[in-house]
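Me: I'd like to go through this model with you and ask how some of its labels are earned. Could you set each value against its cut-off for me?

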Amino acid sequence: MRATVMYAAHDVRVETVPDARIVEATDALVRVTRACICGSDLWPYNSMAPTATGNRMGHEFIGVVDSIGADVRTVKKGDLVVAPFAWSDGTCEFCQQGLQTSCLHGGWWGGTSLDGGQGEAVRVPLADGTLVALPVGPDHALMPSLLTLSDVMGTGHHAALRANVRPGKVAAVVGDGAVGLCGVIAARRLGAEQIIMLGRHADRIALARRFGATDVVSERGDGAIERVRELTGGLGAHSVLECVGHGESMRTAVSIVRAGGAVGRVGVPQETTIPNAQPTFYANVTIAGGPAPVRAYMHELMPDVLEGRIEPGLVFDRTTNIDGVPDGYRAMNDREAIKVMIEF
Ligand SMILES: [Zn+2]
């Protein structure tokens, strides 16, 4: 089968690899129908040290179950399923409390030992705890939006929950990538009255407004902080969704949250410390967040997608096939594309 392998920064290849197959009785073999490239794939794309073996890529996918191991109960051959960006058993202490990204027996797609989503097929470990069956066919018009449940929509939702978004309050979203845009959807869905998007790209801002952003701040650094304060009567936002992970974006996030407010961070931190320790301490600011347990949110968000109340699939502004994946990485890295979908 063919799959995406990253060998070094800016070195992404589509190669023939060993066919995915069932190994454990709890596995399912999924033939991928849709996948995508993630903003977080761009971190290794810009920084990965060269390796001889390479890393299999991709952690967001929808596919059809091709076969199952003897112990799999909740999905069957022929089911269309969506996978979360981390696999999990669904039964341990943390899975039971809805924190599947901390599953005691789970893990992450790709790398050197597992298949990634950016390939023709995937061996899915712990299929019962990991996969969720979709009630529609693989060519359904809502497929792009359903694909976002594997990561970006669930991650935006997680940022909004951790930032304690409340009806009638002010939310600010730092980052205009796919996760930030889904954060706007999530903030609106949870009832925020004023939603301030911090971003600069015209196409992304237009989408943010369509998703419910009421204000846009395109300044950077101190200018952005000042502008958010102006928009919030000098007080700052009740909830800040940090959807980038850079030191600068985190500094902005902790500088625009109001006293007693919360920052929900879902951008993978690129720095070892969180800025503004003392001001956030004296203002009783909550700083929370981490990798989103999107598996926990799939059943909650799916009806909103299927019934048309939210359309996160609009973040996909380019579609390619597997041969176009390397150029898809380049396009997202050059900010030519917000998010690239792969059709198989
Ligand atoms: Zn678990």
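Me: Why is C103 called buried?
Reply: Happy to help, and note that this is a predicted model. Buried means under 20% relative accessible area. C103 has a relative accessibility of 11%, so C103 counts as buried.

Me: And what makes C95 buried or exposed?
Reply: The relative accessible area of C95 is 6%, so by that cut-off C95 is buried.

Me: Which residues coordinate the zinc ion, and how are the donor residues spaced in sequence?
Reply: C95 and C103 each give an SG atom, as does C92, while D89 contributes OD. These donors lie at 2.1 to 2.3 Å from the zinc ion. Along the chain the donor residues follow the spacing D-x2-C-x2-C-x7-C.

Me: Why is the arrangement around the zinc ion called tetrahedral?
Reply: Four donors count as tetrahedral if all angles lie between 85 and 135 degrees. Here the four donor atoms subtend angles of 94 to 121°, so the arrangement is tetrahedral.

Me: Let's turn to helix α8. How do you know that its buried residues line one face?
Reply: The buried residues of α8 (residues 221-231) are G221, A224, I225, V228 and L231. Seen down the helix axis, they fall within an arc of 125°, and therefore they line one face. An α-helix has 3.6 residues a turn, so residues three or four places apart point the same way. On the other side of α8, D222, E226 and E230 are exposed.

Me: What covers the buried residues of α8?
Reply: The cover includes β12 (194-198), β13 (215-217) and α9 (247-256).

How values were computed:
Residues numbered from 1 in each chain as written. Predicted model: local features only at pLDDT ≥ 70, side-chain atom pairs only at ≥ 80, totals over all residues. Heavy atoms only, no water. Donors = N, O, S within 2.8 Å, 3.2 Å for Na, K, Ca; no water. Tetrahedral: all angles 85-135°; square planar, octahedral: opposite > 155°, others 65-115°. Buried < 20%, exposed > 50% of the residue type's maximum accessible area, 1.4 Å probe, protein only. Helix = DSSP H or I, 4+ residues; strand = E, 2+ residues; numbered from the N terminus. Arc of directions from axis to C-beta. Contact = heavy atoms within 4.5 Å.
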